[in-house]
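Colleague: Got a minute to walk me through this one? I'd like to start with how the pieces pack.

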Amino acid sequence: MSALACPASGTGVLAPDAASVPLPDSRGENFRKHYLNQTPEGFSSITLLLEGLRCAGCAHTVEQVLLQQKGVVEADLNYSTHRTRLIWNEREISLEEIIQEIRRAGYNALPQPLVLPGLQREEQRTRERFPRLMVALFGAMNLMWIAIAQYAGYFSGMEQRHEDLLNLASFILATPVLFYSGWLFFKGAWRDLKLGTLGMDFQVALSTSLIYAYSCYAAVSRSGSTYFEAVAMFIAFLSIGKYLEQLGTRKILDQGQFFQKLMPFSVTRVSEEAREETLLEDIVPGWILEVKPGERVAVDGEVTSGEALVDESHLTGEPMSVPKHPGSLLSSGSICQDGVLQFRATRSAGESTLSRIIQRVEDALSSKPRVRVIADRLARYFVLGITLIATLTFLWIWQQAQSLEQALMHAMAVLIIACPCALSLATPIAVLTGLASATQQRILFRDGAQFETLRQVTEVVLDKTGTITEGRPEVTRIAWRGPAEEELLHALTASSLHPVSQTIRRYYEAQGGALQQSSLAHLKEVAGRGLQAEWKGKPVLGGNLGWLQTCGVEFSSEEQDELKAFTESSGSLFFLAVDGRWSATVEIQDQIREGSREAVQRLKAIGLKVHLLTGDHARAAYAVAESCEIDSKRVNASASPEDKLAYVQHLQEQGHKVLMVGDGLNDAPALALADIGIAMGASTDKALEISDLVLLGNNLKALVEALSISHHTFGLIRQNMVISLIYNLVALPLAIWGWVIPLVAALSMSLSSLLVVMNSLRVRWMLRSSGGA
Amino acid sequence: MDILPMMLGVSLFLGALGLAGFLWGWRQGLFDDPERVRYKILLDDEEEARYQQMLKDQKP
């Protein structure tokens, strides 16, 4: 990339084409609904994404351009995200005029749809929680130094008035912490009670309000010591945990928003009469749309005319662009790099690939994985048990020591020290962190439940076509027996719709071969068999070996030997004969995808048995199995969808946990039956719909990654449970026998929760160190 | 010896003031754009003033 002198000149570097893209009518009803907001003062507001900003100088220029427009009220350009929230008076200037001005300066502005509902909800939640967390931290920190003074006084003696003063200060600090910062726990406890369940919130609310009430009593009656600092510490530490959990959720949603950013804002519709700009939301399947260089494909579709390289890296992560020609499929969000493509929309915007990805990310977040459901249920019993133990402790000590204060002290210590945080706090964080890492690797989980199942998998069943291989046959060899008559072969296959002919035609087109149709006469295609025509007065034949033999082509014994070498290869063969003599052979093979071999090796290395299942013929299947080193005993070729289903069922009956990866409609039943069904990103709809995981990158390497993520995530969850169990087993008896005062209890509980939360956050670290390469 | 309550009161008040200031800034979006802060010093005050003037002129 060349160094562009944007800071010096202050002008943008956008391709001139962008400025010619017309804008849709900002007064249209649909546009207003999806993009515009009204401020209470009667202005309009919209979020614009600025394109072409290279530096702070650019950002400043654009900001100035915006602010100099008459009618623009506010334009706060965020230098980090390149977004601006523009507020302007529509009676003075239209959005189109503003964007024209930006373009004149050499940049472009894309109106952004109003944010994802999920993200909006999370932002709202952060706005609500952050100040509460800060108040809790402030209160807890200040209470700590007051507590130090109190302990010093406890040992060396302190005048009553000083003690009263410190108690008063503690009370002032602890009250907002409990009622403002701790409000969420009270709310949660109340919600739980209404639902008839008990959660961690209940335990927190009960113990903090008990200690608070007792401390108030102790301060007023000047008997015993106060424990306001325990209240604050408890709430502050738990708020930190909750806040961390929320950051995890946001991180995933941001990923989802990353996908949404890829959505173009307007599209060119081509009809017989004219071409017009329409809104993304208005697109109806069947319309012919156009993409120009640099533009993004709005909805999924099929190319009708034009040729271009298309960048699909948002889905595949592959930097290499993919050539597209009439008949190729386009998925929304890809960027057209050169040339103009016209395509027929096959889906509306809401159903296109990108939208479905976004939907999936949101679904994964909103559904509660089983491990969380179990954790929540366990937490309920835990809290119930602790409340019971605390009550019994209270009654027992009261009866034993005849001291209400002492009994209360022991019971409170029990309530505080017992910690269900490994269940209620650490598990969700671990699941979220795992999901976030997976999304980053372009692996989409249906929800977090697969973490658990993935770990138990023993058998991996792979589909061949489209999973291990590219799923797109390519010409691998053309062997000419005489002079190479490329033009003849091209012309002969160009007119046929047979897949083999199409592959050969594509091969020539990719090489840029020009076609002179005139050289052929009397072209005829015999369906399913082959082609015949006349070329320079000589009869020519093209098709499989059987077709040539039927038409009377004879092979000498020398030629027979050569033939044998060909027929032993695993690909499909196309023969060409000129004037009754065999003249060329074309070999067509479905190439093994880069990374498949390595992925199979790694799957085997971690002790999984790899199976190959394909509808293709045995020769092709064994060739692929051999090059990927899949045990030939575990290869099942010529399998119908029912056979695939039966194969998976058979494995399951033997007590195995089966993971199946596939991409086609024919894999769908088996994918559904398998314990984990994984679809490749380029799969058919049906496969995507029923799968538990999607590998957007279309690469089996991601499967290894998914296994490693779930392994680490689930491992951490289990580790947390063990840590928590040991902690509670040690701490509870101490509390019952009154060997810990509430402050120490609060400290140790907080530290144990922080420990498990930190442990959960390690998922990302572990993945980074265990070879993200 | 009445210095103690005063000290305590003043220090807590100052701390609370700091907290309030921080939260106010947060709500105003002061921490939303870390990039901009680095370049703020390079921007001209005149433009800032013109911007403020413009805000005043823009009553609907």
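**Packing, sheet and partner chain**

Modeller: Sure. Helix 19 (residues 499-510) of chain A lies across strand 17, strand 21 and strand 22 of chain A, and the angle to strand 17 of chain A is about 75°. Keep in mind that this is a predicted model.

Colleague: In what order do the strands of that open sheet in chain A run?

Modeller: The order is 17-22-21-20-19-18, so 6 strands in chain A, with antiparallel pairing.

Colleague: And which strands stand at the edges?

Modeller: Strand 17 (469-480) and strand 18 (520-526) of chain A. Each has a single partner strand, so one side of each has no neighbour in the sheet.

Colleague: How much are neighbouring strands turned against each other?

Modeller: By 15° on average, ignoring direction.

Colleague: Over how many bridges do strand 21 and strand 22 of chain A pair?

Modeller: Over 7 bridges, antiparallel, between residues 572-578 and residues 581-592 of chain A. Within that pair, Phe574(A) has Val586(A) of strand 22 as its bridge partner.

Colleague: Switching to chain B: what is it built from?

Modeller: 3 helices and 0 strands. Of its 60 residues, 0% count as buried.

Colleague: How many residues of chain B are in contact with chain A?

Modeller: 22 residues of chain B, against 21 residues of chain A. Helix 1 (3-28), helix 2 (34-40) and helix 3 (45-57) of chain B each supply at least two residues of that side. Helix 1 of chain B gives the most, with 9 residues.

Colleague: What's the makeup by class?

Modeller: On the side of chain B that touches chain A, there are 15 nonpolar, 2 polar and 5 charged residues.

Terms used. Residues are numbered from 1 along each chain as its sequence is written. Chains are lettered from A and ligands numbered from 1 in the order in which they are written. This is a predicted model: local features need pLDDT of at least 70, side-chain atom pairs count only at pLDDT 80 or more; totals for chains, interfaces and linings use all residues. Two residues are in contact if their C-beta atoms, placed from the backbone, lie within 7 Å. Helices (H or I, at least four residues) and strands (E, at least two) are DSSP runs, numbered from the N terminus. Ala, Val, Leu, Ile, Met, Phe, Trp, Tyr, Cys and Pro count as nonpolar, Asp, Glu, Lys and Arg as charged, and the others, Gly among them, as polar. A residue is buried if 20 or more other C-beta atoms lie within 10 Å of its own, exposed if 12 or fewer, and partly exposed in between; C-beta atoms are placed from the backbone. Two strands pair if DSSP finds at least two bridges between them. Axes are lines fitted to C-alpha atoms, for helices over the stretch in contact, and angles run from 0 to 180 degrees between N-to-C directions.
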